[in-house]
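Subject: The structure, and some notes on it

Hello,

I am passing on the structure that we talked about, and below it you will find some notes to read with the sequence and the model open side by side. Please take them slowly and look up each residue as you go.

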Amino acid sequence: MKLKLKLKLIVVLLFSISHLISVSSWKKEEFRSCNETPFCKRARSRTPHHSNLIASDVTIRDGDLTAKLITPTPIDGNHNSSSNSSSDSSSPPLILSLSVYQGGILRMKIDEDPSHNPPKKRFQVPDVILPDFEISKKIWLQRYSTDAGSGSSSFVVYLSDGYEAVVSNDPFEVFVRERGGGGRRVLSFNSHGLFDFEKLRKKEEGEEWEERFRSHTDSRPFGPQSISFDVSFHGADFVYGIPEHATSLALKPTKGPGIESEPYRLFNLDVFEYLAESPFGLYGSIPFMLSHGSAHGTSGFFWLNAAEMQIDVLGSGWDDAGEDANQEKRKRIDTVWMSEAGIVDAFFFIGPEPKDVVKQYASVTGTSAMPQLFATGYHQCRWNYRDEEDVKNVDAKFDQHDIPYDVLWLDIEHTDGKRYFTWDRALFPNPEEMQKDLASRGRRMVTIVDPHIKRDDKYHIHKEASENGYYVKDASGDKDYDGWCWPGSSSYIDMVNPEIRSWWADKFAYTEYVGSTPSLYIWNDMNEPSVFNGPEVTMPRDAIHYGNIEHRELHNAYGYYFHMATSEGLLKREGGKDRPFVLSRAIFPGTQRYGTVWTGDNTAEWEQLRVSVPMILTLGITGITFSGADVGGFFGNPDTELLVRWYQVAAYLPFFRGHAHHDTKRREPWLFGEHNTELMRDAIRVRYTFLPYFYTLFREANVTGVPVARPLWMEFPHDEATFNNDEAFMVGNGLLVQGVYTQHAKEVTVCLPRDHTWYDLKTGTAYKGGRAQKMEVTDADIPVFQRSGTIIPRKDRFRRSTVQMENDPYTLVIAVDSSGGAEGEVYIDDGKSYEFQKGGYIHRRFIFSDGKLISVNLNVASSSSSSQGTSFYSDCTIERIILLGYSSSSKPPKSARIEPTNRVADIELGPLQIRSGVRSAVLTIRKPNVRVSDDWTIKLL
Amino acid sequence: MKIYTSIFFTFFVLSSTLILRSKTAISSNDLLGVAPQDEKYYKGLWSSGAIKCKDGSKLFTKLQLNDDFCDCLDGTDEPGTSACPTGKFYCKNAGHSPLTIFSSRINDGICDCCDGSDEYGGKTRCNNTCWEAGKVARDKLMEKIALFQEGVTIRKQEIEQAKISAAKDEAELSKLKIEEKILRGIVQQLKEHKEQIEKAVEKERIQKEKEEKQNKEAEQSELKEHEGQEKIDVEEQVPVKNNDDRAAILDTNPSGKEDPVERAVDVVHTAHAPLDNGEKHDPKDEEVSEFVHGSEPNNGLGNKVEDATKGIDSLSREDLGREIGSRWTGKKTDQQNYDVDDAKKDYETSVDVHDEENNGYDTETDEDHHLYDDNCKVDDVEDENNDVSSSSYNYDPDDDDMNILDMETESSPSWFERVQRTVRNVLQTVNPFQTPVNISEAENVQKEYNEASMKLSKLKSRISRLTKKLENDFGPEKEFYSLYGQCFESKQNKYVYKVCPFKQATQEEGYSTTRLGKWEKFEESYNVMLFSNGDNCWNGPDRSIKVRLRCGLKLEVADVDEPSRCEYAATLTTPALCLEGKIKELEDELEILYKQPQFHDEL
């Protein structure tokens with residue numbers, strides 16, 4: 001009896017444990033808070049005017065302004081700041097250098113003086129800054145001028161026609177200001193004297209360098225080496241950026257009177273069930289912050305550093321100082337940046353327009369890669385599509401329900417025991433045939449390849465990696481680091497080494513990756529890296545990488561290198577002819593050059609749908625435009641309404657993929673009854689109709705760095721009502737999308753930016769901007785508007801996938817502004833190769849004014865029939881031109897004359913969207929049938 | 001109207017010859033993509049010049065028909081092009097069966113119609129494969145018809161058989177009910193008789209005590225005192241024995257359940273206990289200790305209940321990895337281990353899994369299950385048939401029960417008469433009012449009472465089983481009657497799936513059994529068997545399985561699948577689904593296929 005009772009008790013106990021695990025979500029205590037992170041705690045406790053550095057030996061050298069930062073000798077000879085080891089008077093100086101680059105970019109580096117032989121060279125992140133930037137964008141400084149102030153002198157250098165950079169020597173400060181006039185400041189560094197630089201040194205007697213967190217010990221063989229400083233954004237109403245956090249677009253203050261919050265943390269982590277509102281660091285880190293305000297416009301600050309970073313946004317009154325009261329009445333936002341290691345390699349971007357700042361940032365870290373057309377369509381994923389039959393069925397169901405999709409994804413279970421590049425042959429006996437079958441209908445497949453390699457001597461990847469010493473080493477420096485991930489005991493490829501990256505890239509050759517075909521692309525997950533038994537579910541900071549780099553120094557860039565190597569692999573396998581598609585979860589500056597990202601393991605909740613929008617917008621303004629969130633939410637089961645709403649919002653976001661955890665119920669679009677199938681089909685189809693527009697915007701992002709999905713303030717920088725709005729967003733400059741984020745919503749309020757007219761895309765109804773507009777909503781769709789003055793290209797025919805849309809005709813939607821004009825573009829290429837880089841593309845600008853639409857060629861290469869360029873031609877015609885806002889004129893046009901063919905096309909009333917059940921009547925030019933690649937003019941009669 | 005005339009004019013100039021020709025006769029090109037039953041609708045274009053879109057939204061002209069521009073949102077004007085999203089295209093597929101496809105398939109570079117008529121744009125060439133495909137389809141259809149024909153015959157026989165079996169079961173049930181009534185009376189009689197005897201004995205004892213007391217007082221003799229003592233000892237034997245039995249019954253049925261089946265089992269258990277005790281307890285102990293042992297790696301988990309923070313820190317590196325990883329996989333760490341290292345299938349894990357999966361059963365009655373539950377019986381059979389990919393067998397719980405209880409089945413009904421007779425004799429011979437009570441006769445009554453009430457329990461259990469069986473829905477024609485008491489197996493990879501209609505469905509892997517569902521009901525008008533409320537899924541729903549029934553000559557489970565986590569699906573072929581009406585349908589289908597012109601080369 002007793003035994004039985006005990007047994008029963010254990011059963012009950014086990015059950016309650018499992019229950020406990022299933023309901024608990026984010027495990028806060030398993031991650032370090034700032035207080036548990038010594039460098040952060042130290043930095044956060046510093047008060048203004050902590051720094052006593054002065055700049056000396058200011059000079060111009062190699063086109064840079066350089067200086068030594070030294071601690072002045074105390075007058076009485078006493079060490080008055082013994083608490084701070086870095087400002088010891090005997091300590092060697094720091095070396096400062098300022099460089100100026102074209103387009104309004106100031107770069108500031110601060111590092112230890114190599115002539116003083118520090119114990120170790122501090123880590124500078126290679127492979128992020130474009131070589132072209134450093135070589136050809138640099139402006140060689142010739143001279144500086146000086147400003148003599150009271151007790152301190154300032155050294156001024158040219159930055160751009162409107163701005164100059166200033167170094168004040170005592171106290172040391174660097175800032176950017178407008179030239180001439182009032183010389184209003186834009187950005188400043190160390191204005192509050194919070195700069196601190198822990199120089200590498202020898203361990204002192206009895207000093208403890210080890211750090212412990214929970215059961216983990218960090219040996220910290222090099223001791224404290226953190227850096228922190230304050231940066232002020234002048235004329236700013238809000239600051240944005242520094243992804244990845246699940247939080248609002250405009251960053252809330254984390255410190256100041258009445259504010260209790262952790263700083264924004266930048267430390268790539270695999271976070272189980274993250275919260276929808278938290279400054280906690282997620283999978284990626286981009287230490288790039290933008291500010292925007294009505295006074296200055298936009299500016300930006302970027303710190304290239306791959307160690308753990310913590311950033312405080314200070315609330316007004318944080319230093320209760322009246323020092324600035326007499327200086328500027330303008331708004332200012334102060335921030336404090338803290339990093340565990342590395343050097344100061346910081347960039348100041350002067351803006352002043354929002355798009356200027358993103359362009360300036362893109363000129364440093366690169367623009368986003370031009371995606372293949374298929375990647376802009378809809379992706380269907382699940383952990384896991386079990387076997388070949390499952391794949392076949394899901395694919396067939398899409399066709400059965402006439403729902404377009406482009407890519408089917410396979411998660412970790414497709415492999416042989418989580419050995420990447422292999423197949424579970426019981427489930428996938430014929431992977432090539434499976435891919436070929438999908439490809440016969442124009443569809444691609446994506447398989448997962450993660451950086452943790454199963455330690456199994458029979459596994460070829462492990463065998464080669466261990467034999468060649470390609471793994472990251474543990475703290476000893478000579479043993480492979482052995483962690484735990486999906487396959488169990490695993491080691492991690494050391495992608496920092498270019499040789500290892502090259503080896504890895506070769507693994508994607510069709511002969512190496514057995515079972516892969518040209519229609520197979522790759523997904524990099526868990527590349528933070530995720531280590532189940534490591535501190536904070538990642539790699540120990542004292543693990544050693546190639547070149548004796550400590551993991552702490554490059555942690556945030558680990559996933560970036562892995563993504564890079566994989567992308568190179570896909571490029572290599574087709575001899576550089578096929579644009580890679582690699583989805584990554586970990587993020588770092590430069591990621592945009594290698595592929596796509598998503599926001600990780602979100603949850604099927606309304607607030608997570610809500611936060612996905614600011615998360616994606618934030619990624620967009622910090623360079624990574626091709627991003628998305630798992631549609632429906634990864635964890636949990638979305639109710640049908642949430643799922644439908646999620647499809648409706650996500651259809652307008654750059655990366656559009658449905659994904660789900662294996663514990664969840666199946667949720668493919670046809671599983672919720674005919675009505676809901678129709679709603680989801682409609683949402684996906686709307687995305688496909690706008691693909692010509694999206695693709696054009698991806699090209700814009702590829703050329704300029706301006707993101708596809710944009711915060712409203714990026715398009716309307718002078719409309720203050722938009723600065724804080726992250727419920728609505730712009731797709732390009734033409735579409736405004738308002739999400740619906742609550743259950744049973746009957747109406748939503750849309751804040752349409754002022755000075756424009758907005759056309760409801762369902763009804764064609766015009767709304768004046770500048771006020772909150774209440775819109776009734778049904779379950780059929782979310783409010784979407786086209787801005788007056790824009791022309792948007794669409795393809796209004798439905799197909800199975802992007803491949804079958806290639807020859808379909810276009811629809812142009814013209815929304816005229818108050819002066820009767822509108823403009824828009826379309827970009828077309830072969831959708832897959834790099835021929836576009838040689839001129840093999842069509843780029844047209846459509847200009848409508850005075851009742852006349854003209855198509856202008858923007859492809860300089862093709863117009864100047866240069867011999868080296870290739871050309872791209874399309875047979876596609878324009879089957880329909882819709883005119884919005886034109887009916888207001890007293891006499892609507894009846895027909896249109898097409899030049900040069902001199903044909904006449906009819907104008908009649910037609911629908912704005914070809915969707916049954918949607919009634920609208922707008923002026924439509926019927927079958928103009930001009931070629932999209934030709935020059936032509938269409939005149940309304 | 002102005003617009004239309006101008007279109008007409010333009011078109012006339014450009015292609016007057018075409019128009020002239022089509023004015024005179026409607027060629028099949030004009031009606032590209034129109035299904036034959038719709039042709040009438042479109043003929044209005046030739047008679048009246050313009051017709052309405054089917055949704056009534058607007059008028060369109062003949063020139064707008066298939067002009068590659070969508071005028072009707074419902075696609076009426078574009079049956080042959082991809083211009084309208086909701087359009088449908090009809091391909092004749094001569095030689096095979098006609099097909100209606102979405103307009104999104106037209107000229108998309110993929111051959112959807114076997115006659116290739118959907119790819120007329122010239123960019124893609126499609127071979128006409130209708131004849132070959134049609135032949136395959138026809139052959140398949142013919143096979144299917146043959147199968148159904150044979151199946152229908154078997155089905156008829158089965159229905160006949162089912163009727164007989166059902167009638168037999170019902171007859172037996174009513175007979176058993178009568179017997180139960182009588183037996184209950186007998187038991188009652190015996191009980192009363194026994195109690196009277198007991199009373200008499202007690203009375204006698206008190207009387208004797210009195211007498212002895214008197215004697216003691218009177219004689220005060222040591223010898224007599226001793227004698228009296230002895231007598232009391234003997235007399236006390238009867239009630240003591242009785243108490244023993246009752247205690248045993250109570251002991252094995254501590255929950256005090258009134259379920260007659262349970263009672264019967266308990267009683268039997270007591271009867272066999274001395275024999276089996278030793279054997280039974282050992283494996284039980286082992287299991288318990290293994291269970292405890294098996295959960296040792298969960299120590300960290302155990303701590304978690306008290307303090308989730310400290311819990312995982314106390315784990316070894318490997319267990320920590322497993323534990324953290326299990327958050328995503330939703331598996332217990334031990335199971336994760338199992339999954340992670342597929343080569344290493346340690347016994348410990350499977351035992352643990354087994355116990356966990358079984359925690360839905362009442363632990364208290366485990367021993368009984370081991371001996372008497374059909375579950376156990378089934379397990380034995382299954383072990384022998386492990387290698388067979390699909391198999392079936394009977395488990396007939398009723399017969400098992402009867403055999404185990406050593407009770408003759410209805411084929412030899414004499415046992416009941418015998419009982420009646422014996423009891424009558426006993427009751428006649430034993431007279432409770434007679435004093436002094438005849439000790440041996442009293443014992444006889446006691447024995448008969450015990451036996452009769454045991455038999456009553458068995459009878460009750462048999463009745464309840466039969467009632468339960470007959471309460472089931474065996475289909476409108478009782479066509480599923482024979483499936484009762486049968487199990488069907490299918491082996492897939494490492495799992496054996498077992499479907500026992502009207503009972504349960506399980507998934508077995510080595511020693512561990514996972515219950516996929518208990519029988520719930522038929523669904524979709526007897527096309528699907530639903531088993532629900534199976535073992536709970538970690539972080540998910542209770543397991544369930546839908547078994548789709550298909551016409552087949554043999555009863556076979558196949559295509560076991562888990563389309564959604566912990567929601568299983570399978571098919572079961574059975575003659576019960578070979579419906580006669582379906583044959584006509586299939587024959588009509590075949591006839592249509594044959595009616596198609598064999599070659600049709602219009603395009």
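Two residues are said to be in contact, or to touch, when heavy atoms of theirs lie within 4.5 Å. Please keep in mind throughout that this is a predicted model.

With that meaning of contact, you can look at W504(A), which, when residues up to four places away in sequence are not counted, touches F421(A), V449(A), D450(A), I453(A), I461(A), I493(A), M495(A), F562(A), A565(A) and T566(A). W504(A) also belongs to the largest nonpolar core, which has 197 residues, and it is listed with Y652(A), F729(A) and V731(A) among those with the most contacts inside that core. The largest share of this core, nine residues, is supplied by helix α11 of chain A, which runs over residues 606-621. There is also a second, separate core, this one of 50 residues, and V58(A), M108(A), F172(A) and F195(A) are included in it. As background, nonpolar side chains in soluble globular proteins tend to be buried together.

Some of these names return when we turn to the aromatic rings. F172(A) and F195(A) are part of a cluster held together by ring pairs, whose other members are F189(A), F197(A), F229(A), F301(A), W303(A), W337(A) and F348(A). Over all chains, the count of aromatic pairs comes to 80. One of them is formed by Y378(A) and Y647(A), whose ring centres are 5.7 Å apart and whose planes meet at 55°, so the pair counts as tilted. This pair links distant parts of the chain, since Y378(A) lies in strand β24 (residues 378-380) and Y647(A) in helix α12 (residues 640-650), 269 residues apart. Both Y378(A) and Y647(A) are buried. In chain B, rings also meet charged side chains: K54(B) lies over the face of Y41(B), at 5.6 Å from the ring centre, and R138(B) lies over the face of W131(B), at 4.3 Å from the ring centre.

Strand β24(A) also appears in an open sheet of nine strands, whose order in chain A is β35-β34-β33-β30-β26-β25-β24-β37-β36, with parallel pairing. The strands at its edges, each of which pairs on one side only, are β35 (627-628) and β36 (630-631). At one of these edges, β35(A) pairs in the parallel sense with strand β34 (residues 596-598) over two bridges, and here V597(A) stands opposite S627(A).

Is helix α14 of chain A largely enclosed or not, and why? Eleven of its 14 residues are buried, so the helix is largely enclosed by the rest of the structure. The helix reaches 19 Å from its first C-alpha to its last, which is close to the 20 Å expected at 1.5 Å a residue. One of its residues is N702(A), since α14(A) covers residues 691-704. N702(A) has a relative accessible area of 15%, and because buried means under 20%, N702(A) is counted as buried. Apart from residues up to four places away in sequence, N702(A) touches T367(A), S368(A), A369(A), M370(A) and F836(A). Just after the helix, G705(A) takes a positive phi of about 95°.

Which residues does H216(A) contact, leaving aside its neighbours within four places in sequence? They are E211(A), N533(A), G534(A) and P535(A), together with R317(B) and L320(B). H216(A) lies in strand β13 (residues 216-218) of chain A and is buried, with a relative accessible area of 11%.

Finally, a few backbone details deserve your attention. Most residues other than glycine have a negative phi, and most peptide bonds are trans. A cis peptide bond, however, joins D170(A) and P171(A), with omega about -5°, and P171(A) sits in the loop between β8 (163-169) and β9 (172-178) of chain A. Another cis peptide bond joins G351(A) and P352(A), with omega about 5°, and P352(A) is found in the loop between β23 (344-349) and α4 (354-365) of chain A. V537(A), which is not glycine, has a positive phi near 55°; V537(A) lies in the loop between β30 (520-524) and β31 (544-545) and is buried, with a relative accessible area of 5%. K927(A) likewise is not a glycine and has a positive phi of about 45°, and its place is in strand β54 (residues 922-931) of chain A.

Best wishes

Methods
Residues are numbered from 1 along each chain as its sequence is written. Chains are lettered from A and ligands numbered from 1 in the order in which they are written. This is a predicted model: local features need pLDDT of at least 70, side-chain atom pairs count only at pLDDT 80 or more; totals for chains, interfaces and linings use all residues. Side-chain values use heavy atoms; hydrogens and water are left out. Helices (H or I, at least four residues) and strands (E, at least two) are DSSP runs, numbered from the N terminus. Buried means under 20% relative accessible area, exposed over 50%, partly exposed in between (1.4 Å probe, protein chains only). Two strands pair if DSSP finds at least two bridges between them. Rings of Phe, Tyr and Trp (its six-membered ring) pair if their centres lie within 6.5 Å; planes under 30 degrees apart count as stacked, over 60 as edge-to-face and the rest as tilted. A charge sits over a ring if NZ of Lys or CZ of Arg is within 6 Å of the ring centre and within 35 degrees of the ring normal. A nonpolar core is a set of buried Ala, Val, Leu, Ile, Met, Phe, Trp, Tyr and Cys residues joined through side-chain atoms within 4.5 Å. The expected span of a helix is 1.5 Å times one less than its number of residues.
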